[in-house]
Amino acid sequence: MNPAADTAGAQPADALIAAARARLADAGIDTPGTDARLLLAHVLGITHKELSLKLLRGFEVHADQVTDFEDCLARRAAREPLQHITGSTGFRHLALRLGPGVFIPRPESELLIDPAIAHAAALRSGDEHTGNGRAHVIRILDMCTGTGALALAAATEIPGSEVHAVELSAEACRWAERNIAATAEAVAAAGSTVTLHSGDVTDVVPGLGPFDIVVTNPPYVPETNQPDIPEVTGYDPAIALYGGGADGMETPAQIIALAAEALRSGGLLVIEHDETQATAIQQACAAAGLSGAATHTDYTGRDRFTTAERLEGP
């Protein structure tokens, strides 16, 4: 092989990233430098951390990889979501597969798992105090699962849990199935199970309970607050975005009522919502018979999810 031919058209990685950053910034991307590095890591088949280490030493990107990188940049500059280009996204400790037809999990949704973990620990602590001798299986329901992000995070971080995930969209179900299959080993290692149910929550959920925990990120965007973000309006399915009605509360209220019926006594609901809906969510919880509704903020200080408990139930 001619070494010169092998390096023909190769370009320094740092120069590629600098040019890519400028191009993405001009296209209106909020995080142009991060996106440029993540796309290059994707093309090279390495992690973001591995790329950072290679950049410290300096290296050249081969011509064929430069071409692939330019193709990815063109897609991102056209405002195709980064996650659709790479085919994956991180969620807590998970790497989830995704693409067209399914909602892209957001970083703030990761926060919903923390109160679920704490509640499961409290339930098992109660078992120990009563001399049960063995922690009971924690039954968890994830309504509107999408990629399966919340369900799989719960199954892998709450050992010995039995998780049921419900999704209406056939396209989203296909992505959830892939993620459940890809995460099967980690779920099994935690001693947990995940079962996916395809269908409307109003049809599926009544036959599944009772549950210790319901965690859900339902459609909740108000009709009056439609996002002006190309990556959202052009790629996230409308069925996963809009909650119905001017205030977006039709679906969340329905989900809360279903959760209240599905939870056993002492069960916990964790529900994500729009920052404008905290009061309405708390009122819906009270109307459904749930107690102690409390709203929690996300990484930016916005009201993002609410927890509530069922003090009496099956």
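Start by selecting Arg-79 and Glu-231: their side chains meet in a salt bridge, with N to O at 2.7 Å. Show the secondary structure around them, and you will find Arg-79 in the loop between helix 5 (63-77) and helix 6 (82-86) and Glu-231 in helix 12 (residues 230-233), so the pair ties together parts that are 152 residues apart in sequence. Both partners, Arg-79 and Glu-231, are buried. Keep in mind on this tour that you are looking at a predicted model.

**Stop 1: around Glu-231**

Stay on Glu-231 and bring up its surroundings. How buried is Glu-231? Its relative accessible area is 11%, and because buried means under 20%, Glu-231 counts as buried. Now add Arg-76 to the selection: a polar contact of 2.8 Å joins its side chain to that of Glu-231. The side chains of Glu-231 and Arg-79 are likewise joined by a polar contact, at 2.7 Å.

Which residues does Glu-231 touch, once those up to four places away in sequence are set aside? Select Ile-29, Arg-76, Arg-79, Glu-80, Pro-81 and Asp-236 to see them. Then add Asp-35 to your view, since there is a network here: salt bridges link Asp-35, Arg-76, Arg-79 and Glu-231.

**Stop 2: zoom out**

Now show the whole chain as a cartoon. The protein has 15 helices and 11 strands. Its C-alpha trace spans about 75 × 50 × 35 Å along the principal axes. Of its 314 residues, 46% are buried. If you display contacts with a separation of 6 or more, 68% of them are between residues 24 or more positions apart.

Colour by domain next. The domain assignment gives domain 1 as 11-78 and domain 2 as 94-310. Place a marker at the centre of each, taken over C-alpha atoms, and the two markers will sit 34 Å apart.

You can also colour by the UniProt record. An unreviewed entry there lists residues 16-87 as "domain: Release factor glutamine methyltransferase N-terminal". Select that span and you will see 75% helix and 3% strand, with its end C-alpha atoms 22 Å apart. The unreviewed entry also lists "domain: Methyltransferase small" at residues 139-222. Here the composition is 38% helix and 29% strand, and the end C-alpha atoms lie 31 Å apart.

**Stop 3: two strand-to-strand salt bridges**

There are 12 salt bridges in the structure, and two further ones deserve a visit. Select Glu-162 and Arg-139: they form a salt bridge whose closest N and O atoms are 3.0 Å apart. Follow the chain from each partner, and you will see that distant parts are being linked: Glu-162 belongs to strand 6 and Arg-139 to strand 5 (residues 138-143), 23 residues apart. Turn on a surface to compare the partners. Glu-162 is partly exposed, with a relative accessible area of 26%, whereas Arg-139 is buried, at 15%.

Move on to Asp-212 and Arg-264. In this salt bridge the closest N and O atoms are 3.0 Å apart. Once more the pair links distant parts of the chain, with Asp-212 in strand 8 (residues 211-216) and Arg-264 in strand 9 (residues 263-272), 52 residues apart. Is Asp-212 buried or exposed? It is buried, with a relative accessible area of 3%. Arg-264, on the other hand, is partly exposed, at 24%.

**Stop 4: Glu-167, a charge without a salt bridge**

For the last stop, follow strand 6 (residues 161-167) to Glu-167. Which side chain of opposite charge is nearest to Glu-167? That is Arg-174, 11 Å away, and Glu-167 has no salt bridge although it is buried. A salt bridge needs a side-chain nitrogen of Lys or Arg within 4 Å of a carboxyl oxygen, so the 11 Å to Arg-174 does not qualify.

What does the side chain of Glu-167 reach instead? Show the backbone of Thr-145: the side chain of Glu-167 reaches its nitrogen at 3.4 Å. To see the wider surroundings, leave aside neighbours within four places in sequence and select the residues in contact with Glu-167. They are Cys-144, Thr-145, Gly-146, Ala-172, Cys-173, His-197, Ser-198 and Gly-199.

To finish, put both glutamates in one view: Glu-231 in helix 12, with its salt bridge to Arg-79, and Glu-167 in strand 6, buried with no salt bridge.

Technical notes. Residues numbered from 1 in each chain as written. Predicted model: local features only at pLDDT ≥ 70, side-chain atom pairs only at ≥ 80, totals over all residues. Heavy atoms only, no water. Domains from an automatic or database assignment. UniProt positions renumbered as here; feature names shortened; annotations may be inferred. Helix = DSSP H or I, 4+ residues; strand = E, 2+ residues; numbered from the N terminus. Buried < 20%, exposed > 50% of the residue type's maximum accessible area, 1.4 Å probe, protein only. Lys, Arg positive; Asp, Glu negative; His and termini not counted. Polar contact = N/O pair within 3.5 Å; in protein donor to acceptor, adjacent residues only side chain to side chain. Contact = heavy atoms within 4.5 Å.
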